[in-house]
Amino acid sequence: MDDLKEFARKIRQGVIEVVYRQKQGHIGGPLSMADVLAFLYREELQIDPKRPDWEERDRFVLSKGHSAIALYVAMALRGFFEYDELFTFDELHSRLQAHPDMTKLPGIDMSTGSLGQGLSAAVGMALSAKLQHKDFRVFAMIGDGESQEGQIWEAARIAQRYKLDNLIAILDHNHLQQYGWIGEDMKTRMAPENDPAAKWRAFGFDVQEINGHDFSRIKQAFFYANNEKNERPHMIIANTIKGKGISFMENQYGWHSNVPSDEQYQQAIQELAGVSNE
Amino acid sequence: MNKTKSMRNAFGENLANMAFNDEKIVALDGDLGNSTRLSYVEEKKRSAFLQMGIAEQNMVSVAAGLAATGMKPWACSFGAFMTRRAYDQIVVQVDQPNLNVKLVGAYAGLLTSNTGKSHHSLEDIALMQTLPNMTVIAPGDAREVVRAMEAIASFDGPVYLRLSRDETLDFLPGTDKEFEIGKGQLIEKGEKIAVLATGSMSSRVYKAIEQLKDYGIQLTFAHIPTIKPLDKELILSLAKTHSHFITVEEHFIRSGFGASIAQLTSEHHPLFVKKIGIEDTYSQCGKDADLLSYHCLSTSQLLENIRFIYEEVQHE
């Protein structure tokens, strides 16, 4: 678990460093999904950084493509490319496009960026595995804001219809989106995805709801999803905190995409260092 | 070879055979299989038929996921729904990643058997030919559909295949031969005016060209089934040897087939290009003959229109 925590801390640190240096990118979403992503890239995914096009590999689709920077940091840490390449993020000709581009960076299994589409592509991949009698699994990370796109639910119906129990979807349920709805206090904002567990159950998914920052729960959830083959696609609802790990970013919609000042950057790095010393 | 004049029957039978012989080929249906004849795939090989329901956006993205993992998906819906409804998915997940997804727009254009404005696709050529990696093909008859599908299947990349519901189209000369993507067919040679047509209009235009001979008028006629990439060599050679082009399509003339021809010639060998097609107006329901007549696209109207242009050119 300590290794996982350290891997997740490094993802968060990388996200902050890159966004600070490149003056571009999203922060809140990448930080909220960092722990699940750490588990996927450190433990779960059957992938080989030396053979990113290995046909039997597990597939990962980042449907909430705007959180790409966290994925890139995880891939760099896993050895897909040199860490320094992270500092080309969002530049012209960079392999690390603002939103994942499968034509540029080996290891990206699907181009995303326009919300709602990634889960459908993951459904296609899971269907493909079934048709070709292959054992690879397909993981898709979607957002709660993203779930406002109707296509998410189109994909869900087909996943159920074709009994895609090799599909493991994760909802990064961080309760915020870029702007969202204003609260009763006329200050806070929210992405009210009311009772997603009931919705996904109604769509025929085998649903687990976990604390998306608790590695023991994350591990249990993926263990269950891997071993429970009941002809139902899996949904892991990861309840998370947008901006998780940096006090002044947590639960602040304004940090959906924002660049830290020098002082904010220093504080963020210190807070993350503190996490590892706990 | 099958002698059917029905593009959809030819398409369904051929795709069923292709799927039967290649386990990577799958057909994705948007709940129109019994109209588009994708049902033939299900009848011949059930496992190759994937019902995606009435959800075109998901259908296109699922096709992208299939293609990204080694399958060869053919997604089919009415042209209007395929291109308009799923355009963002086509751009982001099919065309930009250059995935081997075949998109079939059945019932494309104006002739859709009494469905009207919502089901007519009069902008699908414009939408699809704009995309950098997309190949756009509109066969002229059922025989050519089969030949084109062979070429499309062996081509690795996104293709939009535009099919007509019109089942009366006579075979054009030469459409039984091997289909080469990006090649047009020079069918008649004449002087001054070259008429270029695509898709379901080619057969009608050819008839008009033949009938014009009775008036002592011999015009050049080329059938251009590949709208993108255009047969630059053929079109520019015609531009150099003629003073006028007439283009005919069952599509909005703004940004369609004729506009693409005019764009090409304007950059290399400018000449007068008269575009015949659907003007700035929406269509409505009606029998094919009534719709063609309303939009001045029937064979007799095409003949009169071309003859009128010919007379004008003679007096220039």
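# Exercises on a two-chain model

In this predicted model, 23 residues of chain A are in contact with 24 residues of chain B.

**Exercise 1. The interface, seen from chain A**

Find which elements give two or more residues to the side of chain A that touches chain B. Then sort that side by class.

Solution.
- Step 1: The elements are helix H5 (118-131) and helix H6 (150-161) of chain A.
- Step 2: H5(A) gives the largest share, nine residues.
- Step 3: The classes are ten nonpolar, ten polar and three charged residues.

**Exercise 2. A covered strand**

Take strand S3 (residues 167-173) of chain A. Decide how many of its residues are buried, and which way they point.

Solution.
- Step 1: A residue is buried if 20 or more other C-beta atoms lie within 10 Å of its own.
- Step 2: Seven of the seven residues of S3(A) are buried, so by this cut-off the strand is mostly covered.
- Step 3: Side chains in a regular strand alternate between the two faces of the sheet.
- Step 4: Leu167(A), Ala169(A), Leu171(A) and His173(A) point one way. Ile168(A), Ile170(A) and Asp172(A) point the other way.

**Exercise 3. The partners of S3(A)**

Name the strands that pair with S3(A), and give a residue that stands opposite in each.

Solution.
- Step 1: Strand S2 (residues 138-143) of chain A pairs with S3(A) in the parallel sense, over six bridges. Here Val138(A) stands opposite Leu167(A).
- Step 2: Strand S7 (residues 234-239) of chain A also runs parallel to S3(A), joined by six bridges. Here Met235(A) is opposite Ala169(A).
- Step 3: Now add the helix. S2(A), H6(A) and S3(A) make a right-handed β-α-β unit.

**Exercise 4. Checking a helix**

Compare the expected span of helix H11 (residues 257-268) of chain B with the distance between its end C-alpha atoms. Then list its buried residues and what they pack against.

Solution.
- Step 1: H11(B) has twelve residues, and at 1.5 Å a residue it should span 16 Å.
- Step 2: The end C-alpha atoms are 17 Å apart, which agrees.
- Step 3: Phe257(B), Gly258(B), Ala259(B), Ser260(B), Ile261(B) and Thr265(B) are buried.
- Step 4: These residues pack against several elements of chain B, among them helix H7 (124-129), helix H10 (232-241) and strand S11 (244-252).

**Exercise 5. Unusual backbone angles**

Locate Lys163(A) and Asn114(B). Are they buried or exposed?

Solution.
- Step 1: Recall the usual case. Most residues other than glycine have a negative phi, and most peptide bonds are trans.
- Step 2: Lys163(A) is not a glycine, yet its phi is positive, about 50°. Lys163(A) sits in the loop between H6 and S3 of chain A. With 16 other C-beta atoms within 10 Å, Lys163(A) is partly exposed.
- Step 3: Asn114(B) is not a glycine either, and its phi is positive, about 55°. Its place is the loop between strand S4 (102-106) and H7 of chain B. Asn114(B) counts as exposed because it has 12 C-beta neighbours inside 10 Å.
- Step 4: Finish with a peptide bond. Lys228(B) and Pro229(B) are joined by a cis bond, with omega about 0°. Pro229(B) lies in the loop between S10 and H10 of chain B.

**Exercise 6. An annotated span**

State which annotation covers residues 5-171 of chain B, and how far apart the end C-alpha atoms of that span lie.

Solution.
- Step 1: The unreviewed UniProt entry gives "domain: Transketolase-like pyrimidine-binding".
- Step 2: The end C-alpha atoms lie 8 Å apart.
- Step 3: The span is 43% helix and 16% strand.

Key:
Residues are numbered from 1 along each chain as its sequence is written. Chains are lettered from A and ligands numbered from 1 in the order in which they are written. This is a predicted model: local features need pLDDT of at least 70, side-chain atom pairs count only at pLDDT 80 or more; totals for chains, interfaces and linings use all residues. Two residues are in contact if their C-beta atoms, placed from the backbone, lie within 7 Å. Helices (H or I, at least four residues) and strands (E, at least two) are DSSP runs, numbered from the N terminus. Ala, Val, Leu, Ile, Met, Phe, Trp, Tyr, Cys and Pro count as nonpolar, Asp, Glu, Lys and Arg as charged, and the others, Gly among them, as polar. UniProt positions are given in the numbering used here, feature names are shortened, and annotations may be inferred rather than shown by experiment. Two strands pair if DSSP finds at least two bridges between them. A crossover is right-handed if, with the strands pointing away from the viewer, the path from the first strand over the helix to the second runs clockwise. The expected span of a helix is 1.5 Å times one less than its number of residues.
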